[in-house]
Amino acid sequence: MRRLKLIWDFRGPASQKTAEHHEIHLKDFIRRSQLKHNITGVETISDMHSLAFLVVEESEMISVRDALKPHRGQLYQN
């Protein structure tokens, strides 16, 4: 089964802290929704752009997408 990386982008001088805080909410969502994977993270692209992400099974994507409204997504490669 394919896994997808759902991504939320944050921009500005506080982007890193905002992405870190958003990841806390993603972890809470995983626990409440009993998703198959517990894969989240934060990536810093530059000092003005960071992102938070959540990895889901393809079968879970539509319900998670509709609930959390990520900015974009891509195939997850670990």
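Q: Is D9 buried or exposed, going by its relative accessible area?
A: Start with the cut-off. A residue is called buried under 20% relative accessible area. This is a predicted model, so every value here is computed from it. D9 has a relative accessible area of 15%, so D9 is buried. D9 lies in strand β1, which covers residues 3–11.

Q: Which side chain does D9 join in a polar contact?
A: For such a pair, look for N or O atoms within 3.5 Å. Here the side chains of D9 and H49 are joined by a polar contact of 2.9 Å.

Q: Which residues is D9 in contact with, leaving aside neighbours within four places in sequence?
A: Contact is a matter of heavy atoms within 4.5 Å. With those neighbours set aside, D9 is in contact with H49, S50, L51, H71 and R72. H49 is thus on the contact list of D9 and is also its polar partner.

Q: What does the side chain of S15 reach at 3.5 Å?
A: Check the backbone as well as the side chains. The side chain of S15 reaches the backbone nitrogen of H49 at 3.5 Å. So H49 turns up again: its backbone nitrogen pairs with S15, while its side chain pairs with D9.

Q: Where is S15 found, and which residues is S15 in contact with?
A: Place the residue in its element, then read its contacts. S15 is found in helix α1, residues 15–33. Beyond its neighbours within four places in sequence, S15 is in contact with F10, D47, M48, H49 and S50. S15 has 2% relative accessibility, so S15 counts as buried.

Q: Does V42 count as buried or partly exposed?
A: Partly exposed is the class between the buried cut-off of 20% and the exposed cut-off of 50%. V42 is at 25% relative accessibility and therefore counts as partly exposed. V42 lies in strand β2, residues 40–46.

Q: Which residues does V42 touch, not counting those up to four places away in sequence?
A: Read the list by element where you can. V42 touches Q16, A19, E20, E23, L51, A52 and F53. Helix α1 spans residues 15–33, so Q16, A19, E20 and E23 are contacts of V42 with that helix.

Q: How far apart are the C-alpha atoms of V42 and K5?
A: Keep distance along the chain apart from distance in space. V42 and K5 are 37 residues apart along the chain, and their C-alpha atoms are separated by 12 Å. For Y76 and V55, the chain separation is 21 residues and the C-alpha separation is 7.1 Å.

Q: Where does Y76 lie, and what does Y76 touch?
A: Some residues fall outside helices and strands. Y76 lies in the segment after β4 (72–75). Not counting residues up to four places away in sequence, Y76 touches R3, L4, K5, I39 and V55. With a relative accessible area of 21%, Y76 is partly exposed.

Q: What order do the elements run in from the N terminus?
A: Now step back to the whole chain. The protein has two helices and four strands. From the N terminus on, they run β-α-β-β-α-β. The radius of gyration is 12 Å, close to the 12 Å that the globule rule gives for 78 residues, so the protein is as compact as a globular protein of that length.

Q: What share of the contacts comes from residues 24 or more positions apart?
A: Take the contacts with a separation of 6 or more. Residues 24 or more positions apart account for 69% of them. As for burial, buried residues make up 40% of the 78 residues.

Note on methods
Residues numbered from 1 in each chain as written. Predicted model: local features only at pLDDT ≥ 70, side-chain atom pairs only at ≥ 80, totals over all residues. Heavy atoms only, no water. Rg over C-alpha atoms; globule rule 2.2 N^0.38 Å. Buried < 20%, exposed > 50% of the residue type's maximum accessible area, 1.4 Å probe, protein only. Polar contact = N/O pair within 3.5 Å; in protein donor to acceptor, adjacent residues only side chain to side chain.
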